[in-house]
Structure formats: C-alpha cells, structure tokens
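Please find below a short note on the structure shown here. The points are numbered for ease of reply.

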Amino acid sequence: MNSSATITDRSVSEGLGLWEPKRALTLEAARAHTQRIKVMRYILMGASILLVGVLIWQFMSDRTSLGYEDDPTESVKMVNPRYSGRTSDGLPFYLTSDTAIRRQADRNTVALDKPVLEFIRDAGAQSSFVLAETGSYNDMDKILNLESDVNLETDDGYICDTIHARIFNRDKRIEGDEPIDCKGEFGTVTGQTYAIEDSYKTFIFKDGMTALIKQDEAAAPEEDDIFGFGGDGPINIVADKGIYYGTRTDLRGDVKVVQDGAVLTSDDMDIYRIRKSGSTDDSLKLGAIRRIEAEGNFHYVTEDNDIRGDRGVYERDKKIMTVTGNVVVIQPGGNRVETQKLIYDTRTKEVQFLGQKAGDRNKIVIPGSGN
C-alpha cells in the first residue's frame with residue numbers, strides 16, 4: 001500500500017467517524033478572515049473621515065449662509081441701569097437712566113433715556129449733576145454723549161443749559177458743539193460752542209460769546225471806579241472767545257465792554273475780579289473788577305472822552321488807567337493830543353501825557369467822564 005495515499009486519503013477515517021484536524025483548511029480561512037477584517041477597517045476609517053469632512057463642510061456652509069451676522073436691529077434693553085467709574089484722580093462718578101439699550105452693531109455703547117450723571121469736582125466737594133433727555137454712553141472709554149435739554153448744576157453754584165454735551169468722565173472735562181447759557185459767579189454767559197476743563201473749573205465759550213456782569217452792591221466799587229465808566233451798573237461783554245479761570249477772564253477777538261454808556265474795545269482783554277473774603281477755589285465768590293489789561297487797538301470812549309492807543313491797563317487800587325503806544329486823545333471841543341503814554345486818574349479826571357507829540361501841555365483835566 002502506498003503510504004502517501006494513506007495519509008492524504010481521509011475518506012476512510014471520515015467513514016469510520018474518526019476526527020482529524022483540518023489544519024490546512026483552518027489556516028486559510030483565518031487568513032481570509034483577517035484580510036476581510038482589515039479591508040472593512042479601512043473602509044470604515046475612510047467612511048468616518050469622509051463623514052467628518054462632510055459634517056465640517058456642512059457646518060461651515062451653514063455658518064456662512066445662515067450666518068451669525070450681526071443684526072444692527074438686535075438689542076438688549078435694561079431698566080434702571082447704573083454705571084460707575086473713577087476719574088483720573090480717583091474720584092467716583094455714577095450714571096443712571098430710566099432705560100439703556102445696547103445694540104449688536106455697537107456693543108460698547110448704550111443708548112440712554114433720561115440719563116443722570118453724578119460726579120465730584122474735587123475731593124471733599126459735594127456732588128454735581130448733569131441731566132438730559134437722551135444720550136449714549138461708551139462704557140469702555142467712559143464717554144457720555146448727551147442730547148436734548150442738557151442741564152449742568154455744579155456744587156459751587158454754576159448752572160448751564162444746552163442741547164449737547166460730550167463728557168469725558170476720566171479726564172473731568174466737557175465739550176459741546178451747540179450754544180450754551182451759563183449762570184454763576186462770573187455772571188451770565190452765552191457761547192455758540194463751549195468747553196469746561198481743568199476739573200470743571202475753567203469755562204471756555206467759543207465761536208462768539210456774550211456776557212453780563214452784575215455788580216454786587218455790597219462790594220461795589222466807589223463811584224467812577226470801574227475803569228472810569230462810572231457807577232455800579234451792569235457790564236456787558238462781547239468777544240469771539242471768553243475763557244474763565246476763576247478770578248481771571250481772558251477775552252479774545254473783537255472785544256467790546258460796555259457800562260453805563262462807556263465803551264471799551266480792543267483785540268484782546270484780560271479782566272481780573274476781586275475774590276470775596278472767606279471764599280476758596282472750591283467755592284469761588286467773585287466781587288468787583290480790580291484790573292483790566294487790554295491789548296491791541298485799545299479804544300475807550302464816552303460822551304465826553306475819546307482815548308486810543310496800543311495798550312490800556314486799569315488798576316482799581318490806584319484808580320489809574322494807563323494807555324501806551326500811539327496814544328490819541330480827542331477832547332469834547334475837538335482838541336487832539338498825541339502822545340506815547342497817558343495816565344488817567346479816574347477820581348480827579350486828571351490826565352498826564354508823557355512823550356507828547358503835539359501841544360505844550362503835559363497835563364489836562366477831562367470833564368464829565370459821562371456822569
């Protein structure tokens with residue numbers, strides 16, 4: 001019998017019911033199974049990657065097409081909001097309003113209805129307030145923009161009305177592009193535009209201003225002691241620009257000052273007021289004019305006097321007005337005197353000439369002075 005045939009012929013053992021491992025067949029099946037698993041794994045991995053890619057593409061497409069674009073009409077409304085902050089010198093301020101609306105188009109700014117700003121000018125001072133009908137507030141820059149019926153009331157007695165105010169809370173300053181009317185120790189002042197600076201102490205009226213100073217009767221100067229104007233009547237002022245630094249007022253451009261018929265004009269003018277006794281910088285109380293310095297095209301005129309020059313200075317304590325530079329005096333009778341310097345005593349009406357160009361007299365007495 002051929003031994004190889006016996007080994008390979010399994011029909012006899014199978015017929016007898018004997019078990020024999022099918023090693024060759026099992027190995028081939030395992031290898032095929034492993035290959036199928038590997039192929040399926042690759043297919044699943046590829047499908048997963050494809051699915052993820054589709055999902056990402058779909059997400060990006062939806063975001064672009066349906067987007068998350070800002071809707072300028074979308075807004076959030078707050079009722080009775082309160083904002084707070086501190087100025088550059090560490091003083092607090094508070095802002096409240098009836099409502100505040102924050103729109104998607106400008107998330108740093110809220111639109112305010114009936115805003116009220118409370119601030120402190122200086123340490124130890126009482127609160128000051130600004131009220132308006134409408135406005136907006138940039139919470140990042142701490143800038144408050146007010147419109148319509150704006151009213152400012154400071155603790156030291158200044159009251160201003162306008163229709164526009166831009167308040168820089170950190171810097172403690174205000175500016176406005178519309179006319180403003182202010183009342184306070186400096187009198188009544190109107191400016192076409194304005195700024196309030198230096199911790200709300202310096203008032204600047206621009207693009208044309210007018211002012212009215214009413215003398216305090218209790219502290220009024222003696223008769224004929226307001227630059228020779230006479231009396232204690234109100235003083236009207238017109239200029240291109242007025243800057244109020246407490247007791248000093250700087251007037252710039254086409255300055256005109258009028259009191260009881262006396263008119264003083266010049267290119268620029270500085271007016272110094274007396275500080276009333278007991279007053280401080282935090283609570284300024286102004287009295288009468290103590291000094292006036294007028295520069296450029298000085299001209300002082302009343303019914304009886306006409307004095308011109310380059311510069312004029314009035315000193316209340318000396319009762320003296322000094323005019324210098326190309327001085328011309330025209331008397332009521334038509335006499336004309338030219339000199340380089342004139343000294344006018346407002347009490348005696350006596351005039352001294354220095355460097356006289358015409359005439360033999362170096363001293364005259366001007367009658368009347370408009371009284």
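What percentage of the 371 residues in the protein chain is buried?

1. Buried residues, those under 20% relative accessible area (exposed means over 50%, partly exposed in between; 1.4 Å probe, protein chains only), make up 39% of the 371 residues. The model is predicted: local features need pLDDT of at least 70, side-chain atom pairs count only at pLDDT 80 or more, and totals for chains, interfaces and linings use all residues. Residues are numbered from 1 along each chain as its sequence is written, and side-chain values use heavy atoms, without hydrogens and water.

2. The protein chain contains 3 helices and 24 strands, taken as DSSP runs numbered from the N terminus (helices H or I, at least four residues; strands E, at least two).

3. Of the contacts in the protein chain with a separation of 6 or more, 39% join residues 24 or more positions apart; contact means heavy atoms within 4.5 Å.

4. Ser199 lies in the loop between strand S13 (187-197) and strand S14 (202-213). Ser199 counts as buried because its relative accessibility is 18%. Apart from neighbours within four places in sequence, Ser199 is in contact with Arg121 and Lys172.

5. Glu153 belongs to strand S9 (residues 143-153). With a relative accessible area of 39%, Glu153 is partly exposed. Together with Asp149, Asp161 and Asp181, Glu153 forms a negative surface patch. Patch residues have over 30% relative accessible area and no salt bridge (a side-chain nitrogen of Lys or Arg within 4 Å of a carboxyl oxygen of Asp or Glu), and like charges are joined within 9 Å, placed at CG of Asp or CD of Glu.

Key. Patches are made of residues with over 30% relative accessible area and no salt bridge: like charges are joined within 9 Å, nonpolar side chains (Val, Leu, Ile, Met, Phe, Trp, Tyr) within 5 Å. Accessible areas come from the Shrake-Rupley method with a 1.4 Å probe; for residues, only the protein chains shown count as cover. Lys and Arg count as positive and Asp and Glu as negative; His and the chain ends are not counted.
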